Amino acid sequence: MKKGLVVSFLLIVCLVLSACNSFSSKDASSGSGTEGTSGGSKKSDDTLNLYFDNDIPDLNPIKTTDSISFSVLGNVMEGLYRLDENNKPVPAMAKSVKVSDDGLTYTFTLRDGIKWSNGEPVTAQDFVDGWLLGMNPQTSGSYRFILTDYIVNGEEYTNGKVKADKVGVEAPDDKTFIVHIKKPTPYFLGLTTFEKYYPVNKAFFEKNKDDFGQSPDKLLYNGPYVLTDFNPASGVTLKKNDQYWDKANVNIPNIDIKVIKEASTALNLYNGGQLDYVNLSSEDVNNYKDKPEFGTQTNFRSYYVQFNLGDSVLKNKSLRQALQLSYDPSTLEKVILNNGSKAASGLIPPGMEGVDGKSFRDLQGDVIKPDVAKAKDLWKEGIKELGKTPKLQLLVSDDTVEKDTATFLQSQWKKNLGIDVELVTKPYSGRLDTMRAGDYQMAISAWGADYNDPMTYMDLWVSPATPFRGSFSNKEYDQLIKDAKSQSDDTKRMNELLKTEQILLKDEAVLAPLYYQGQAYLQNPKVKGLVFHPWGNPWDYKYATMD
Amino acid sequence: MQKYILVRLFNIVATLFVISTLTFFLMKQLPGSPFDEEKLAALPDEVRTQIYDQYGLNAPVWHQYVNYLGNLLKGDMGLSFYYQDRPVSNIIVDRIGPSALLGIQALIIGTAVGLILGLIAAFKHNSMWDYITMLIAVLGISIPNFVFAALLQYFVGLKWGVLPIAYWESYQSTILPTIALAIGVVAVVARFTRNEMLEVLGQDYIMTAKAKGLSSRNIIIHHAVRNAMIPVLTVLGPVVVSLITGSLVIEQVFSIPGIGSLFVESIKVNDYSMIMGVTLLFSVLFVFMVLIIDLLYGLIDPRIRLAGGKEG
């Protein structure tokens, strides 16, 4: 018995000792000397202190699928092009590109003096290898469609129907990289800024196959920064890459990014001077919105109500239109969300590329404007057509913001149409499953853009009809999308896409727009040029400066 | 004694088997998959099937379960889906340190402080001391520990700047989360100790001891406290479990890369292998905690003979 006690005591001591070693490496190295200073780590002048609101799950660029990992990779690696401060693609690893007249062949010429962090040159073959690994089902993940949708024979390669040498990527020499794409794609250069389009040093990859990207020494870097520390649960530290071709324009030497999941903790740290940027939750916005360091930004993510046309009630268009017109998204924006999100009058978020330097939203204007009087008429009409007053349910994910939005809709429909809509709450993946099974009438849904073009949205509702997209199928819509995909005249193409949004929202009332997702934040006034891209690799630190 | 422990160990293995089986099949009933659902929902069915195939998720569930058990017996807990391709065992080892340190510190401090407060309350029964101690206990039980955590963080961390607001960077960073975690333990232990002491102090044998002329110090240490400890020990089992689950919120508030948050996250993102790994770990901790407490009974009170063994 006594022996048992001694053993368990020793076990506890071992555990405690091992736990003490678990402190982040930064302090472990300087531990003995600086102990006793209060208030934790004091920030140094050459370090930008930031955070992510969730873990950094996977830094393997070939496989990863989440936007936090994309953000890290976007700063330590680089593709042929890179987004500038205004979200326009500018040459990066490539110094120039020649596009064939039919828009199907891109010939990139790589910059001189581009290197991996181990000193080896970045070659055209690295791009061939990186893209092939990104399409190979053995090495890639669920995001591979972003390559296979465009590259000639990409899908065939993934399905094992053709060998790698038939895929539309080639490297005739170290500096020339040629890509053959399936259809003219005006946003293709934008795609090459995305991390799935990054080069991979194959020799290094083969050597570290099993734990590629799992620690700083298991990845090679060709971007503005290199990774010096990485723990998925506590954060990353970045150091300026002295091999980077444009290092003269990288200003901040060190970046320390922590993982902080609790919004109030992040705000405390910001107020304590330990963070240079913090996202604000809607309840904090009113306290801070008059401060000079307050700001908002939107990303390319639209929220909407998806009507299920396969439902016996909502197959009636008048009812859908009545529901669509009987609430005001701007009330939702100001009263319910209050977090930088913007009221939606369409599907495509503001700022998304249109044509001739104009955004899609500017070209289209408002598609849906609330009109309660008209909604009431339509509702009566719909009920007459249906022959009875229907029962309605709204499916919603178990998430605070979505539930608040649903309650808002419920109250507006009650007030303006006099109907009781029941809310059905499910966990996020439960909502998706229910929608896939078609077992819903309407649901709050959202889509984040994969690239900067309206096609990333409009392509979702083409035939064949699926319950997930409301069982919508429309010949005119399909034809417009098909034409737009092979159209080489950009203005005509954009007109076709503008028409599809009209059909989807106004003519057929398949969706009811809610809001474009945004974020309210506070930023240290000394920090400038912290860029947030609304799609792709969101955070870009290359252009940041500190006074 | 050895035989008793062997039987208990066998029971533990059986319990763990039942837990893992139940968890596995229940978990597979969760809607969704471990992959980026929104993007996956947009892909054609064939592509989705292809991705599931890559991870063996299209096989029948019992088949997946047999595979899992087979690997588990070989000591392989599989690869995480969320932290792609990292072995579950490595992640658990990385994350257990902070949680273990916090849990043990909170348990030791909470029990010690709780005992002292409980004893004071019992001896100064119906006095000011008693009321203050019980007020603390009631507050400690009824106010959720994340509220304490947030208050400590705001005042001690931000306003007074005495201790770190968050992060896991030095020993100082463990102090606030430990206090936040320990408050609940203090409350439970103090209340139990007080009640048990009051009951024991009213027993005949205490009167007998007094009548024998033993010093009150002697009576308290050898007769009262020892007997009052047995029920207190019983609550320590649930307390340890609440430390594990409580640490999940505390870890989140103080941004500590511990195992509590891992458990919740893994369920949210359907990280099957991680859910299994963490559930098994928590179950192992719990059943062994129960065993240790049972063994401690015998140590504190020789009358409780576990299996009629000769040692004590």
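Which residue in S10(A) is the bridge partner of Thr237(A)? In the predicted model examined here, that partner is Asp256(A). The pair belongs to a longer ladder between two strands of chain A: strand S9, residues 235-240, and strand S10, residues 254-259, are joined by five bridges and run in the antiparallel sense.

These two strands form part of an open sheet in chain A, which has four strands in the order S1-S10-S9-S8 and mixed pairing. The edges of the sheet are occupied by strand S1 (47-52) and strand S8 (225-231) of chain A; each has a single partner strand, so one side of each is left without a neighbour in the sheet. From one strand to the next, the twist averages 20°. A helix also packs on this sheet: H3 of chain A, covering residues 67-76, touches S1, S8 and S9 of chain A. The direction of H3 makes about 145° with that of S8(A).

A further description of chain A comes from a database record. An unreviewed UniProt entry lists residues 88-465 of chain A as "domain: Solute-binding protein family". In the model, helix accounts for 31% of this span and strand for 23%. The C-alpha atoms at the two ends of residues 88-465 of chain A are 34 Å apart.

Chain B was examined next. Its secondary structure consists of twelve helices and zero strands, and its pattern along the sequence is accordingly written α-α-α-α-α-α-α-α-α-α-α-α. The C-alpha trace of chain B spans about 85 × 55 × 30 Å along its principal axes.

One helix pair of chain B illustrates how such elements meet. Helix H11 (residues 259-268) and helix H12 (residues 272-300) of chain B pack with their axes 9 Å apart, at an angle of about 140°. Because angles over 145 degrees count as roughly antiparallel and those from 65 to 115 as roughly perpendicular, this value makes H11(B) oblique to H12(B). The crossing of the two helices, H11(B) and H12(B), is left-handed.

The contact between these helices can be described residue by residue. On the side of H11(B), the participants are Ile259(B), Leu262(B), Phe263(B), Ser266(B) and Ile267(B). They meet Met274(B), Ile275(B) and Val278(B) in H12(B). Sorted by class, the contact of H11(B) with H12(B) contains seven nonpolar residues and one polar residue, with no charged residues.

Conventions. Residues numbered from 1 in each chain as written. Chains lettered and ligands numbered in written order. Predicted model: local features only at pLDDT ≥ 70, side-chain atom pairs only at ≥ 80, totals over all residues. Pairing = 2+ DSSP bridges. Axes fitted to C-alpha atoms, helices over the stretch in contact; angles between N-to-C directions. Contact = placed C-beta atoms within 7 Å. Parallel < 35°, antiparallel > 145°, perpendicular 65-115°, else oblique. Left-handed = near helix turned anticlockwise from the far one by under 90°. Nonpolar A, V, L, I, M, F, W, Y, C, P; charged D, E, K, R; others polar. UniProt positions renumbered as here; feature names shortened; annotations may be inferred.
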